[in-house]
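Reader: I have a new structure open and don't know where to begin. Can you walk me through it?
Author: Go ahead and put it up.

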Amino acid sequence: MATNTGSTPSSTETTVKYVEVLFNTINHVLIGYVTIYLSYVSYMNGFSNIFSWHIFLCAIGYHFFMAESFLTLYSSNSWTSMNDAGTKRHLHWILQAIGFVTIFVGTGLEIYSKEQNKRAHFKSDHAITGLVSMVFILLSMLNGIASYFAAKIRHIIRPIYVKLCHYLTGIVAFVIGMVSLALEYSPRRMQSVENKNMLISFTTIVIALTLIGAVKTIYGQMKGFCR
């Protein structure tokens, strides 16, 4: 009877791989759908309105650029699976940086608008979670820089600690940011209760599917650390 060798994946591994690719494809579809829908809502509200820019920039920042930046490092990601590790890291950095800029510009515009209208800042659940997410984005970016130079500072701190901090702060920033977006999905803004519920469901699925690769990476790092 033939046995599996180390270089030949088992039928179970192959099935799992196909399932991961399927879910990754579904995730890309949902990311695209929600991003386009929120962009459409912003357009319908009029880009002469600063709040429309706030919705649009934060939506593409979190729902597209941050989500896709996580997926670049995922082995089953459709559009980066053939790239080497170095290229994936560069793409991850580029998408993270663009997401960082769009989110901070979008939030800055809303702060400016409230200042102009003499309105209180960071009072709603949406605003508070958005602020917390921005703090973790800054921490993730700083940890990312440290992670990039992890080999050079290994005499100060072990690279695994730096990378784990980067993964964890990035995950927290992404999850809280996506929750902040979902808290702003109201029937009035999203045009119906059905649309609101659909967007919340899709956003929840995107969060779960986007984090599969990150959780697998953390698990692998922890296994190596515990040996």
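Reader: Which residues form a nonpolar patch on the surface?
Author: This is a predicted model. In it, Ile-111, Phe-122, Ile-128, Leu-131, Val-132, Val-135, Leu-139, Leu-142, Ile-145, Tyr-148 and Phe-149 make up a nonpolar surface patch. Together they have about 910 Å² of accessible area.

Reader: Which helix gives the largest share of the nonpolar patch?
Author: Helix H4, residues 125-148, with eight residues.

Reader: Take Ile-128, then. Where is it? And is it buried or exposed?
Author: Ile-128 sits in helix H4. Its relative accessible area is 40%, so it falls in between and is partly exposed. Buried would need under 20%, and exposed over 50%.

Reader: OK, stepping back. How many helices and strands are in the chain?
Author: Seven helices and zero strands. Following the sequence, the pattern reads α-α-α-α-α-α-α.

Reader: And what does the C-alpha trace span along its principal axes?
Author: About 70 × 45 × 25 Å. The chain has 227 residues, and 41% of them count as buried.

Reader: Now the packing. At what angle do H2 and H3 pack?
Author: Helix H2 (residues 50-71) packs against helix H3 (residues 85-116) at about 160°, and their axes are 8 Å apart.

Reader: Parallel or antiparallel, then?
Author: Roughly antiparallel. An angle over 145 degrees counts as that, so the H2 and H3 pair qualifies. The crossing of these two helices is left-handed.

Reader: What about H2 and H4? How do their axes cross?
Author: The axes of H2 and H4 cross at roughly 50° and come within 14 Å. H2 is therefore oblique to H4. H2 also passes H4 in a left-handed crossing.

Reader: Different topic: Cys-165. Which helix is that in?
Author: Cys-165 is in helix H5, which covers residues 159-183.

Reader: Buried or exposed?
Author: Cys-165 is partly exposed, because its relative accessibility is 40%.

Reader: What separation is there between the C-alpha atoms of Cys-165 and Ser-140?
Author: 7.7 Å. Along the chain, Cys-165 and Ser-140 are 25 residues apart.

Reader: Let me check my notes on the helices. What should I have for H4 and H5?
Author: For H4, write down residues 125-148 and its eight residues in the nonpolar patch, with Ile-128 placed in H4. For H5, write down residues 159-183, with Cys-165 among them.

Note on methods. Residues numbered from 1 in each chain as written. Predicted model: local features only at pLDDT ≥ 70, side-chain atom pairs only at ≥ 80, totals over all residues. Heavy atoms only, no water. Patch = residues over 30% accessible without salt bridge, like charges linked within 9 Å, V, L, I, M, F, W, Y side chains within 5 Å. Areas by Shrake-Rupley, 256 points an atom, 1.4 Å probe, with all protein chains shown as cover. Salt bridge = Lys/Arg side-chain N within 4 Å of Asp/Glu carboxyl O. Helix = DSSP H or I, 4+ residues; strand = E, 2+ residues; numbered from the N terminus. Buried < 20%, exposed > 50% of the residue type's maximum accessible area, 1.4 Å probe, protein only. Axes fitted to C-alpha atoms, helices over the stretch in contact; angles between N-to-C directions. Parallel < 35°, antiparallel > 145°, perpendicular 65-115°, else oblique. Left-handed = near helix turned anticlockwise from the far one by under 90°.
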